[in-house]
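Me: I'm new to this one, so please walk me through it. I'd like to know how each label is earned.

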Amino acid sequence: MGQYNQGIPQHVAIIMDGNGRWANKRKLPRIAGHREGMENVRRIAIAADNLNIKVLTLYSFSTENWKRPKDEVNFLMRLPVVFFNKFVPELVERNVVVKVTGFLKNLPTATLKALEDAEKQTSKNTGLILNFAFNYGGKAEIVNATRQIAKEVLENKLKPEDIDESVFSNHLLTNLKSLNDVDLLIRTSGEKRISNFLLWQLAYAELYFTDVYWPDFTEDDLSKAIIEYENRNRRFGAL
Ligand code: IPE
Ligand code: IPE
Ligand code: MG
């Protein structure tokens, strides 16, 4: 029997898309959209906390976003610095745990420091897990896991026949942070694709698409998505 009315999703992931078009519509530069998008991260994190969601993963910068013009990339790399300078005290007060999932090695020093400091400053908290997918790519993550597993096999720490879904998933970036698979994926701005986000972790996620641009996505829009999720019938291949 499928499960109806499964209640609040534990892990919600959002592809925060449409910042550029939001700005364009207002004849503003794209970075104005990113700035407004950043403000909305705060609003939606608070909303998710109020709704009792356990994990909120936000796609903030993809491994493919390096292809954008240099100025825009630089601006996006500054955003974590600005965001955490402004909001860490509030996040601490709200008992939020910040986590970062992605390839952190190649980031500018200031960006990396902002992300790591935020993780450290909130590590003792016990509330909402606010997980930023930053310089994250699903294919790169799977390749990275495979490489580590191959190394362990070569070092005789692991036998090929012992590699199963649980071993594999333990080598993913998200599992290093003890995050469960995604229950509900939301993408804003009308695009209907995954764009290399959480390929493994989305295997059985419920998908929700809305035309609203990310800076305009409100607490009510989040509630609407959750209500739709609650009325979905998740079967996981069973009957
Ligand atoms: C999402 O908004 C933010 C990032 C990808 C960093 P976009 O910048 O992709 O906005 P659109 O899709 O061009 O409108
Ligand atoms: C996905 O949005 C990445 C983030 C929201 C960080 P994009 O705007 O980069 O995706 P595409 O290029 O439209 O697929
Ligand atoms: Mg986009």
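Me: Which residues are around ligand 2?

Reply: Keep in mind that this is a predicted model. Around ligand 2 you'll find Ile 15, Met 16, Asp 17, Tyr 59, Ser 60, Phe 61, Asn 65, Arg 68, Arg 187, Arg 193 and Ser 195. They make the list because each has a heavy atom within 4 Å of the ligand.

Me: What makes the pair between ligand 2 and Asn 65 a polar contact?

Reply: An oxygen atom of ligand 2 is 2.9 Å from an N or O atom in the side chain of Asn 65. The cut-off for such a pair is 3.5 Å, so this one counts as a polar contact. The side chain of Arg 68 also has an N or O atom 3.2 Å from an oxygen of ligand 2, and for Arg 187 the value is 3.3 Å. Both pairs are within 3.5 Å, so they are polar contacts too. As for cover, the protein hides 77% of the 380 Å² of accessible area that ligand 2 has on its own.

Me: Which element gives the most to the shell around ligand 2?

Reply: That's β2, with three residues.

Me: How do you know that ligand 1 has a polar contact with Arg 68?

Reply: A polar atom in the Arg 68 side chain lies 2.7 Å from an oxygen atom of ligand 1. That is within 3.5 Å, so the pair qualifies. By the cut-off of 3.5 Å, Asp 17 qualifies as well, because a side-chain N or O atom there is 2.8 Å from an oxygen of ligand 1. With Asn 19, the partner is a polar backbone atom, 3.1 Å from a ligand 1 oxygen. For ligand 1, the protein covers 86% of the 380 Å² of accessible area the ligand has on its own.

Me: Why are four residues in the shell around ligand 1 called charged?

Reply: Asp, Glu, Lys and Arg count as charged. The residues surrounding ligand 1 include Asp 17, Arg 21, Arg 30 and Arg 68, so these four get the label. The shell also has two nonpolar and six polar residues.

Me: Where does ligand 2 sit?

Reply: In the largest pocket. To be said to sit there, a molecule needs more than half of its atoms within 2 Å of the pocket's grid points. The space taken by ligand 1 is the largest pocket as well. That pocket has a volume of about 670 Å³. Of its 33 lining residues, the closest to the centre are Met 16, Asn 19, Tyr 59, Ser 60 and Asn 65.

Key
Residues numbered from 1 in each chain as written. Chains lettered and ligands numbered in written order. Predicted model: local features only at pLDDT ≥ 70, side-chain atom pairs only at ≥ 80, totals over all residues. Heavy atoms only, no water. Polar contact = N/O pair within 3.5 Å; in protein donor to acceptor, adjacent residues only side chain to side chain. Areas by Shrake-Rupley, 256 points an atom, 1.4 Å probe, with all protein chains shown as cover. 1 Å grid on protein atoms, 1.4 Å probe; cavity = no way out; pocket = protein on both sides within 12 Å on 5 of 7 lines; lining within 4 Å. Points joined across faces, edges and corners; volume = space filled by probe spheres on them. Helix = DSSP H or I, 4+ residues; strand = E, 2+ residues; numbered from the N terminus.
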